Amino acid sequence: MTAAQFHAAEGVEDWRVLYHVVAAHFRTRSFAEGVAFAGEIGRLAGDREPRVELREAGVTVTLTRSDITLARAISQAARRSRLTADPAAVQLVNVTIDALVVAEVLPFWRALLGYHQIGDDYLADPARRGPGVEFQAMAVPRPQRNRLHLDVAVPHDQAGARIAAALAAGGRLVSDEHAPKWWTLADPEGNEACVATWLGRD
């Protein structure tokens, strides 16, 4: 189903297409009301697995475009509970990394983040907590240091394994000056990331 086909369908006015998924946010009057609504979504979902984010002010639901029947059912349940949809509250964040040779850079980030690879140029969080990471080929190298980097906080007893995996995937250690608070690593093209723990912090 294309984005245009989804939006043209009846009963999905609460939902918005974001890249390959559809999402809706429903405002709740209390956390308890949000918990109850999340439970109702679970009942409606059956063996499907929607992404449900519960916050104090509302519930955000993310589905595939093909789940249009479930989208309608969730909207109907929201109306029965007198919950209002807020389209302005949905978004999908991806981080894009420019690379000369994507195939050489991507394994480092897959190991560093503990993500799953989708296709040739995309990484997704298997726990569906963090943003997706997309890789975009560039024609010529940039001589300056990258102005953006990722900080990846991991449990202190997992940092060594995460660093070792990133190094084995083609990365290099830039600095361990601040370890065990953080280590700075770089992928094969010099894009940096830090692995951080709570150790040494207040």
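What follows is a short tutorial dialogue on reading a predicted model, from its domains down to single residues.

Me: Where should I start: how is the chain divided into domains?

Reply: Happy to begin there. Domain 1 covers residues 3-86 and domain 2 covers 94-196. Taken over C-alpha atoms, the centres of domain 1 and domain 2 are 32 Å apart.

Me: How much space lies in the largest pocket, and which residues are closest to its centre?

Reply: A good way to read a pocket is to take its volume, then its lining. Here the largest pocket holds about 730 Å³ of space. It is lined by 32 residues, and V21, R51, T62, L92 and R128 are the closest to its centre.

Me: Which strands supply the lining of the largest pocket, and which one gives the most?

Reply: At least two lining residues come from each of β2 (21-27), β3 (51-55), β4 (58-64), β7 (116-118) and β8 (122-124). The top contributor is β4, with four residues. Sorted by class, the lining of this pocket contains 14 nonpolar, nine polar and nine charged residues.

Me: Where does the largest pocket lie with respect to domain 1 and domain 2?

Reply: Ask which domains the lining residues belong to. Both domain 1 and domain 2 contribute to the lining, so the largest pocket lies between them.

Me: How does the second largest pocket read: what is its volume, and which residues are closest to its centre?

Reply: The same steps work again. The second largest pocket has about 510 Å³ of space. Its lining has 22 residues, with D98, R142, N146, R147 and N191 closest to the centre. Strand β6 (residues 94-99) gives the most to this lining, four residues in total. By class, the lining splits into nine nonpolar, six polar and seven charged residues.

Me: Now the helices. At what angle do the axes of α4 and α5 cross?

Reply: To read a helix pair, look at the angle between the axes and then at the residues that meet. The axes of α4 (residues 102-113) and α5 (residues 159-168) come within 8 Å and cross at roughly 170°. Angles over 145 degrees count as roughly antiparallel, so α4 is roughly antiparallel to α5.

Me: Which residues of α4 and α5 meet?

Reply: On the α4 side they are F108, A111, L112 and L113, and on the α5 side R162, A165 and A166. Six residues of this contact are nonpolar, none is polar and one is charged.

Me: What about the backbone: which residues does the cis peptide bond join?

Reply: For a peptide bond, read omega. A179 and P180 are joined by a cis peptide bond, with omega about 10°. P180 sits in the loop between β11 (172-175) and β12 (182-186).

Me: And what is phi of Y19, and where is Y19 placed?

Reply: Phi of Y19 is near 55°, which is a positive value in a residue other than glycine. You will find Y19 in the loop between β1 (16-18) and β2.

Me: Let's finish with H116. Which residues does H116 touch, leaving aside those up to four places away in sequence?

Reply: H116 belongs to strand β7. Leaving aside those sequence neighbours, H116 touches Y122, L123, A124 and P126. You can also follow a C-alpha distance here: H116 and A127 are 11 residues apart along the chain, and their C-alpha atoms are separated by 9.8 Å.

Conventions:
Residues are numbered from 1 along each chain as its sequence is written. This is a predicted model: local features need pLDDT of at least 70, side-chain atom pairs count only at pLDDT 80 or more; totals for chains, interfaces and linings use all residues. Side-chain values use heavy atoms; hydrogens and water are left out. Axes are lines fitted to C-alpha atoms, for helices over the stretch in contact, and angles run from 0 to 180 degrees between N-to-C directions. Angles under 35 degrees count as roughly parallel, over 145 as roughly antiparallel, 65 to 115 as roughly perpendicular and the rest as oblique. Contact means heavy atoms within 4.5 Å. Ala, Val, Leu, Ile, Met, Phe, Trp, Tyr, Cys and Pro count as nonpolar, Asp, Glu, Lys and Arg as charged, and the others, Gly among them, as polar. On a 1 Å grid over the protein atoms alone, a cavity is a set of points where a 1.4 Å probe fits but cannot get out, and a pocket is an open set with protein on both sides within 12 Å along at least five of seven lines; lining residues have an atom within 4 Å of a point. Grid points are joined across faces, edges and corners, and a volume is the space filled by probe spheres set on the points. Domain bounds come from an automatic or database domain assignment.
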